[in-house]
Structures are given as structure tokens and as C-alpha cells.
Amino acid sequence: MPFKLKLSRKWTDRYALIVLSGLLPVVLGVLIIVWQANRSLRLEATQTALEAVRQFDLMLDNAKLAADVVLPLAGQSCEQVELALRDQVTRRPFVRSVNLVWDNQIYCTSLFGNFKEQVNPVNYADGELWLMPGTLVTPNDPVLVYRQQKDKRSALISLYGFHLVNVLGLINQKTHLLIEVGDVWIDRYGLVRNSPTPHLPVAQTTVPSPEYPYRVIAGFNEGEVWRYVIMEYPGLLGLLIFLGFISATTVHQLKKRATSPSHELRRGLDAAEFIPYFQPVVRGDTKQWAGAEVLMRWQHPKEGLVRPDLFIPVAEHCGLIVPMTRSLMEQTAYLLAPHAKHMEPGFHLAFNIAAHHCHNLELVDDCRRFLQAFPPGHINLVLELTERELIVPSATTHQLFSQLHALGVMIAIDDFGTGHSSLSYLHEFNVDYLKIDQSFVAMIGADALSRHILDSIIELSAKLDLGIVAEGVETQEQSQYLADHGVDFLQGYLFARPMPSAEFIQALQAL
Ligand code: C2E
Ligand code: CA
Ligand code: CA
């Protein structure tokens with residue numbers, strides 16, 4: 001399409017919105033999914049830790065039961081109680097050994113019978129639990145020792161470390177679990193350490209045992225959230241990308257529509273940016289003002305005053321030319337009617353019309369309203385039909401032009417000589433005037449052949465009894481020639497350029 005307003009904005013400005021609208025649903029959706037994944041992982045960590053605590057408490061309950069049984073025996077000789085100790089080892093699951101202590105001195109064990117070893121209560125968290133890295137018998141296998149004390153008596157029940165390690169490793173393979181007893185801890189790798197517990201970057205949760213002095217820490221390694229998102233929500237991720245694509249395409253389409261020439265014209269029409277300019281038409285003999293052609297201008301908020309050849313073709317293409325012309329006629333009536341007294345009776349006011357106007361009879365009402373704004377019979381309304389775009393006669397056009405004729409509206413063929421209107425065509429549309437195209441006027445003073453064409457047009461119009469207007473008169477020589485050849489009306493820069501209404505009215509008043 002020929003219409004192109006300058007697109008002054010940068011590429012990045014134009015596409016930023018499209019990219020943003022595509023990214024927005026993806027980013028928002030991913031944020032929500034990540035939030036949801038974090039929640040799920042925290043829940044999973046908590047549940048895993050709670051389950052580990054439940055299982056550790058179960059083991060320790062067994063140790064406590066054994067201690068309850070053997071503690072009252074402390075003080076008796078090892079030979080007397082040795083069997084009772086071993087009985088507890090076989091009876092209680094998870095229990096590795098049972099030891100009796102008198103005055104912080106182990107004196108009898110289920111493993112060796114009589115035995116001597118000092119007990120240091122400080123090793124035990126809350127005097128109750130000690131996570132040992134290993135023992136005399138198995139120096140590399142951790143052992144959890146439960147201690148119960150009453151006066152000088154105490155019982156030490158040791159639990160197999162590998163049961164702990166099994167729980168830590170098997171409850172949930174994905175969750176990193178560790179148990180902390182006092183200031184040492186152990187994880188699924190089975191090594192007791194006394195460094196600070198490691199920080200688990202994702203969903204770290206700590207669950208203390210309600211019964212015993214230890215706590216379980218659960219969490220996940222770095223990157224688990226994304227792994228979780230990809231594993232759990234692949235469909236949703238695909239949907240988000242699809243939504244982003246749809247959103248970007250929709251915005252792109254809307255933007256295209258919003259910046260399309262026809263949309264821009266519609267906006268201009270709503271904002272009353274199409275205004276009339278007036279170019280006087282003078283009499284060939286006296287050079288007095290006999291009328292004016294109304295020419296459309298677009299007072300564009302960014303582009304300034306836009307020439308009609310830049311937007312009229314688009315307006316004709318999309319049919320907006322009809323409401324635009326209506327607006328032009330209404331503005332002209334509003335502006336000029338109060339100054340009708342400065343126009344001589346029969347003053348011509350000419351509008352350009354397009355093929356679109358001939359699709360129905362609306363133009364008749366537009367013309368009637370225009371004429372009603374002026375004193376009756378004071379104005380000659382002329383409609384200019386360009387010869388470049390021939391109108392196909394039909395029942396509608398027939399009706400339209402006879403109703404226009406009945407209203408007293410005159411028809412001029414614009415740009416005459418550039419097309420192929422036949423005699424029957426001129427007759428069909430009740431033509432009153434021919435407007436000789438500027439290209440022929442420009443030939444005056446050139447070679448004899450060109451002048452001959454112009455003379456033929458003038459002769460033809462005389463023979464057909466049609467009025468004749470010459471447009472594009474720029475020189476005195478052209479004006480003289482046309483007047484000498486009996487051309488009724490002249491229009492061109494020699495007399496006046498198209499001008500805004502204020503200037504035109506001022507000139508009218510000065511006539
Ligand atoms: P047009 O109907 O042939 O209008 C005459 C054009 O010639 C106008 O250009 C006018 O400014 C220009 N002109 C007048 N005297 C001279 C001259 O001495 N020398 C030269 N070189 N040019 C002269 P404008 O106003 O730019 O309009 C261009 C065309 O746009 C018009 O040609 C017409 O086809 C179209 N147009 C303008 N207003 C309307 C309208 O309201 N409706 C429709 N359908 N078309 C319009
Ligand atoms: Ca015209
Ligand atoms: Ca013309």
C-alpha cells in the first residue's frame with residue numbers, strides 16, 4: 001500500500017512489548033511452579049525427617065526397655081547378672097550390647113562378662129545418648145549408646161550403627177538425611193563427624209525427637225528444585241511455553257492492527273484529524289472567484305500536515321473514504337455556512353468522491369444535509385468523479401445519480417483526459433463539467449501536437465455542452481491561452497494554493 005507513516009521508534013522499542021508479553025506468562029508460571037516445587041520439597045523433607053525420627057525412637061524404645069529391665073540389677077555381681085544382660089541382647093531388636101555401670105565404672109557387659117572401663121557422662125547428650133564413631137571390638141562401626149542412670153547405678157545399651165545408617169539411606173533416596181546427637185552427626189555414609197552439620201541448600205528441615213535428645217535434619221542438594229520441576233511438571237512447562245507463544249503472537253497481531261494504516265486512519269477520523277483545505281476556482285474571463293475545491297488534509301499529531309495522495313488511496317481501499325468525506329462535508333458546511341453572504345449566488349463548492357460512494361445511496365443524504373446548511377439555492381454543490389477510476393454503471397448508481405441530479409448536485413469528471421470515459425459514460429452520470437487534467441495544462445507552450453490534444457478536449461466539451469475547468473494553472477501564459485479558448489473556470493497555483501479555512505474565509509470576506 002502506498003501509505004506509509006515514518007516509523008521513528010527503534011526496533012527494540014517495537015519488539016520489547018512482544019518479547020515481554022511472550023516472556024511474562026512463562027516467567028510468572030515458572031515462578032509459581034518453583035514456589036510449588038519448594039513447598040512440595042519442604043513437605044517431603046519434613047515427612048522424611050518425621051519418619052526417620054519415628055524409626056529412631058522405636059529403636060531407642062527397645063534400648064530403654066532393656067535398660068528398664070537391667071538397671072535394677074546394677075550392683076549385683078557380674079556372674080549373677082551376666083545372663084540377664086545377654087537375654088536382653090537376644091530379646092530386643094537393634095540392641096548390640098547391654099552394660100552395667102556402678103559409680104561411672106562399667107563392670108559387666110553382655111559381650112565380655114566382667115569388664116572394666118570408665119564412663120564419662122559428659123560424652124552423653126543430656127546424659128542419655130552418645131553417638132560413638134566405633135568401639136573396641138569394631139572401631140569403624142558407629143554405635144549409638146543409650147544411658148539410663150539412677151544414683152550410682154546406670155545401664156548402657158548400645159545399638160548397631162548400621163541400623164541408623166540404613167534408616168538414613170533408605171527412607172527416601174532423594175532426601176539428604178542426617179541425625180545429630182549432641183555435637184556429632186552421621187549421615188547415610190556412616191561416618192561420625194563432630195564438625196558443624198552441613199547446610200542443605202534446598203528445603204532444610206530440622207525435626208527433634210520428642211522423646212530422646214537428638215534431632216534429624218533433612219533437605220536436598222543444590223539444583224533439586226529445578227530437577228523436581230523438570231521431572232514433575234514437564235507438561236505444565238510445555239503449556240507455559242505454548243501460552244507465551246500465543247500471548248506474544250496475540251500482542252504482535254494487536255500491535256500490527258493498531259499500527260496498520262487503516263487503523264491509524266480510523267483513529268484519525270475519530271480524533272477529527274481530517275480537515276478541509278480550500279482552493280479557489282476562478283472564472284476564465286474575469287478571474288473572479290467562482291467557487292472552491294475542497295481538498296482533504298490530515299493534521300497528524302506526529303507527522304504534521306499529511307498530503308492526501310499519501311492516505312486517500314488507503315482510505316479508498318478500506319472504505320473509510322465514505323465517513324471521511326462525510327466529515328469533510330460537515331466541517332465545510334459548519335465553517336462556511338455562516339459566511340454564505342460573502343459568496344456570490346451559485347458559488348461552487350466541489351468535493352472529490354470515490355467509487356466507494358457509489359455502492360449505496362448514503363451520498364444523497366450527505367449532500368442534502370450539506371445543501372440544507374446554506375440558504376436555499378445559494379450554493380452549487382459539485383461532486384468530482386475521477387476519470388482514473390471508472391465507475392461501473394448499475395441500478396444503484398443509476399438511482400444515485402438521478403437522485404443527486406434531482407437535488408441539484410452537479411457532477412464533474414476529474415482528471416479528464418487521463419482515462420477512457422465514453423459519451424455514454426458521461427451521459428449515464430449526468431455529467432455537468434469536465435476538469436482538464438493538469439498534465440494537459442502543463443503542455444501549453446510546449447509542442448504543437450500536445451496543444452492539439454488540449455484543443456480537442458476543449459472543443460469536445462463545447463460540443464457536448466459541458467462546462468470546463470482547467471486545473472494546475474501555474475503560469476500567466478497558460479491562463480491566457482485557456483481564457484482565449486473559452487475555458488469557463490481555472491484553478492491553480494497562479495491564483496491561489498489550497499489554504500486552510502481561516503485564510504479562505506478571510507479572503508472571502510475581502511472580496
Ligand atoms: P485532484 O482532485 O486532482 O486535486 C487537485 C490537486 O492538484 C490538489 O492536490 C491540488 O493541491 C493540486 N494543485 C492545484 N493547483 C495546482 C497547480 O497549479 N500545480 C500543481 N502542481 N498542483 C496543483 P492535493 O490537494 O494534494 O490532492 C491530491 C489528490 O488527492 C486530489 O487530486 C484528489 O485526487 C485527492 N483528494 C484530495 N482530497 C480528497 C477528498 O476529499 N476525497 C477524495 N476522494 N480524494 C481527495
Ligand atoms: Ca479534484
Ligand atoms: Ca484533478
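How many cavities of 30 Å³ or more does the structure hold? The structure holds two. This is a predicted model, in which local features need pLDDT of at least 70 and side-chain atom pairs count only at pLDDT 80 or more, while totals for chains, interfaces and linings use all residues. Residues are numbered from 1 along each chain as its sequence is written, chains are lettered from A and ligands numbered from 1 in the order in which they are written, and side-chain values use heavy atoms, with hydrogens and water left out.

## Cavities

Some terms come first. On a 1 Å grid over the protein atoms alone, a cavity is a set of points where a 1.4 Å probe fits but cannot get out. A pocket is an open set with protein on both sides within 12 Å along at least five of seven lines. Lining residues have an atom within 4 Å of a point. Grid points are joined across faces, edges and corners, and a volume is the space filled by probe spheres set on the points.

The largest cavity holds about 130 Å³ of space. It is lined by 14 residues, and V281, H348, A350, V382 and V469 are the closest to its centre. Strands matter for the next point: helices (H or I, at least four residues) and strands (E, at least two) are DSSP runs, numbered from the N terminus. β12, β14, β15, β17 (431–436) and β19 (489–491) each give at least two residues to the lining of the largest cavity. β12 gives the most, with three residues.

The second largest cavity has a volume of about 30 Å³. Its lining consists of I353, A354, A355, L385, T386, E389 and I391.

## The largest pocket

The largest pocket has a volume of about 1,100 Å³. Its lining has 38 residues, and E293, L295, P308, D309 and N352 lie nearest its centre. Both strands and helices take part. Among the elements that each supply at least two lining residues are the strands β11 (274–283) and β12 (289–300) and the helices α7 (308–318) and α8 (321–336).

The table sorts the three linings by class. Ala, Val, Leu, Ile, Met, Phe, Trp, Tyr, Cys and Pro count as nonpolar, Asp, Glu, Lys and Arg as charged, and the others, Gly among them, as polar.

| Lining | Nonpolar | Polar | Charged |
|---|---|---|---|
| Largest pocket | 16 residues | eight residues | 14 residues |
| Largest cavity | nine residues | two residues | three residues |
| Second largest cavity | five residues | one residue | one residue |

## Ligand 1

Which residues are closest to ligand 1? They are Q279, D414, Q438, E474 and Y493, out of 21 that surround ligand 1 (a heavy atom within 4 Å). Polar contacts (pairs of N or O atoms within 3.5 Å) add detail. A polar side-chain atom of Q279 lies 3.0 Å from a nitrogen atom of the ligand. An N or O atom in the side chain of E474 is 2.5 Å from a nitrogen atom of ligand 1. Y493 uses its backbone: a polar atom there is 2.8 Å from an oxygen atom of ligand 1.

## Buried places

Buried means under 20% relative accessible area, exposed over 50%, and partly exposed in between (1.4 Å probe, protein chains only). Why is helix α3 (residues 161–170) called largely enclosed by the rest of the structure? Seven of its 10 residues are buried, so the label fits. Those residues are G161, H163, L164, V165, V167, L168 and G169.

L159 lies in strand β6 (residues 153–160). L159 counts as buried because its relative accessibility is 1%. Beyond its neighbours within four places in sequence, L159 is in contact (heavy atoms within 4.5 Å) with residues including M59, F94, V143 and L144. The C-alpha atoms of L159 and V143 are separated by 5.8 Å, with the two residues 16 apart along the chain.

S501 belongs to helix α15 (residues 501–510). At 17% relative accessibility, S501 is buried. Not counting residues up to four places away in sequence, S501 touches P276, F278 and L335.

## Two positive phi angles

D103 is not a glycine, yet its phi is positive, about 55°. D103 sits in the loop between β1 (95–102) and β2 (105–109). Its relative accessible area of 43% makes D103 partly exposed.

N430 is not a glycine either, and its phi is about 50°. N430 is found in the loop between α11 (423–428) and β17. With 25% relative accessibility, N430 counts as partly exposed.

Notes:
A polar contact is a pair of N or O atoms within 3.5 Å; within protein, one must be able to donate a hydrogen and the other to accept it, and residues adjacent in sequence count only if both atoms are side-chain atoms.
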